[in-house]
Amino acid sequence: MVAKDNPTPGPAGCDGCRNADGLGFEFTMAFQPIVDTSSRTVYAHEALVRGLKGEGAASILSRVDASNRYAFDQACRVRAIELATSLGMQSKLSINFLPNAVYRPQACIRTTLSAARRCGFPLENIMFELTEDERATDLAHLAAIFDEYGRHGFVTAIDDFGAGYAGLELLAAFQPHIIKIDMGLVRGIDSHQPRRSIVAGIMGICTELGIRVIAEGVETAAEFKALRAMGVTLFQGYLFARPALQALPAVDWRALEA
C-alpha cells in the first residue's frame, strides 16, 4: 500500500471509524499464536481476517478498495479486540494495519483506544504490524504512525521483512520493537546457505538496534532448529499451530523436544 501524506481524513473521514457497519460485507478473525521458545509461552496471537464460515483472507480483502479501506481497517481493529477479549486472551494481540488507511495517527487511533478501554484489554498487549503491498513513498508519515503508536504503549512491528518493499529502507526510517522475517526467507533455510547468510545479517542488525525478531511461516523442525541456532526465539507457523477461527489454538511444543 502507498502511504499518503494527507493532512485531513479521506473520503471516509473520521466518521469512517464509526460507520464500519456500512462496509456491505461481514468478516471475522482467526488467531494464530506467536510462541516464545525461550520461555515456552505464547508471546502473541495474530488476528487474521476470515469470512464468517472460515473463508480465506483473499475473499474478504478482494472487497476492500479506496472507498472503504479506512472503515475496514478500523473495523478490523475493533473486531480483533472484541474477539480477543471474549476468548480471554492473555498474550499480546497482533493486529495488521494498512498504512494508507491512517490519515492522521492521533485521530485514527481513537477507535482502537476506545475499543480497548470498553473491553478492558490492556493497551500494552496490543501489537500493530505494518503490512504493505506497494512501496511506501512517505516514510515520514509511517514514522509518525509508529511514534504515535509507541506513545500509547503499543508494540510495533514490520511484517514480511525481507520480501517486497518491507526491507532496509523502512528499517532505516524507523525502528519498530519487532520485525517478522518473511516466510520466503524461512522456507528451507536449513539447507539453503544464502538464506541463512541473509537471516544472520538481519539478526546482527536487529541485535545492534535492539529489535526482536519473529520467524514466520515455520513449518518444519529443521527450519526451526536452523533459526534457533541463529538466535531466533520467537516463532510463528504451522509447526506450532495453525490458525483457528474465533478460537485460540493449542500450541504443539514437540519441536522443542526434537
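**Exercise 1. The aromatic cluster**

Find which residues form one aromatic cluster in this predicted model, then look at the pair that Phe128 and Tyr149 make.

*Solution.* Start with the members: Phe97, Phe128, Phe146, Tyr149, Phe154 and Phe174 make up one aromatic cluster. Next, widen the view: across the whole structure, a search turns up 13 aromatic pairs. One of them joins phenylalanine 128 and tyrosine 149, with ring centres 4.7 Å apart and planes at 35 degrees. An angle from 30 to 60 degrees is called tilted, and this pair is therefore tilted. Now place the two partners. Phenylalanine 128 belongs to strand β4 (residues 126–130) and tyrosine 149 to helix α6 (residues 139–151), so their pairing ties together parts 21 residues apart in sequence. Finally, check the surroundings: phenylalanine 128 is buried at 0% relative accessible area, and tyrosine 149 is buried too, with 0% relative accessibility.

**Exercise 2. Another pair of rings**

Work out how the rings of phenylalanine 235 and phenylalanine 240 are arranged, and decide whether these residues are buried or exposed.

*Solution.* Take the distance to begin with: the ring centres of phenylalanine 235 and phenylalanine 240 lie 6.1 Å apart. Then take the angle: their planes are 40 degrees apart, which makes the pair tilted. As for exposure, both phenylalanine 235 and phenylalanine 240 are buried.

**Exercise 3. Charges over rings**

Identify the tyrosine ring under the charged end of arginine 212, and do likewise for arginine 242.

*Solution.* For arginine 212, the ring is that of tyrosine 43, and the charged end sits 5.5 Å from its centre. For arginine 242, look at tyrosine 238: here the distance from charged end to ring centre is 3.9 Å.

**Exercise 4. Threonine 85 and its contacts**

Locate threonine 85, classify its exposure and list what it touches beyond four places in sequence.

*Solution.* Threonine 85 sits in helix α3, which spans residues 69–86. Its relative accessibility is 30%, so it counts as partly exposed. Setting aside residues up to four places away, threonine 85 touches Cys119 and Phe121. For phenylalanine 121, the C-alpha atom is 6.5 Å from that of threonine 85, although 36 residues separate them along the chain.

**Exercise 5. Histidine 152**

Describe where histidine 152 lies and which residues it meets.

*Solution.* Histidine 152 is found in the loop between α6 and β5 (155–161). Its side chain makes a polar contact of 3.5 Å with the side chain of arginine 151. Beyond neighbours within four places in sequence, histidine 152 is in contact with Ile109, Leu113 and Leu123.

Note on methods. Residues are numbered from 1 along each chain as its sequence is written. This is a predicted model: local features need pLDDT of at least 70, side-chain atom pairs count only at pLDDT 80 or more; totals for chains, interfaces and linings use all residues. Side-chain values use heavy atoms; hydrogens and water are left out. Helices (H or I, at least four residues) and strands (E, at least two) are DSSP runs, numbered from the N terminus. Buried means under 20% relative accessible area, exposed over 50%, partly exposed in between (1.4 Å probe, protein chains only). Contact means heavy atoms within 4.5 Å. Rings of Phe, Tyr and Trp (its six-membered ring) pair if their centres lie within 6.5 Å; planes under 30 degrees apart count as stacked, over 60 as edge-to-face and the rest as tilted. A charge sits over a ring if NZ of Lys or CZ of Arg is within 6 Å of the ring centre and within 35 degrees of the ring normal. A polar contact is a pair of N or O atoms within 3.5 Å; within protein, one must be able to donate a hydrogen and the other to accept it, and residues adjacent in sequence count only if both atoms are side-chain atoms.
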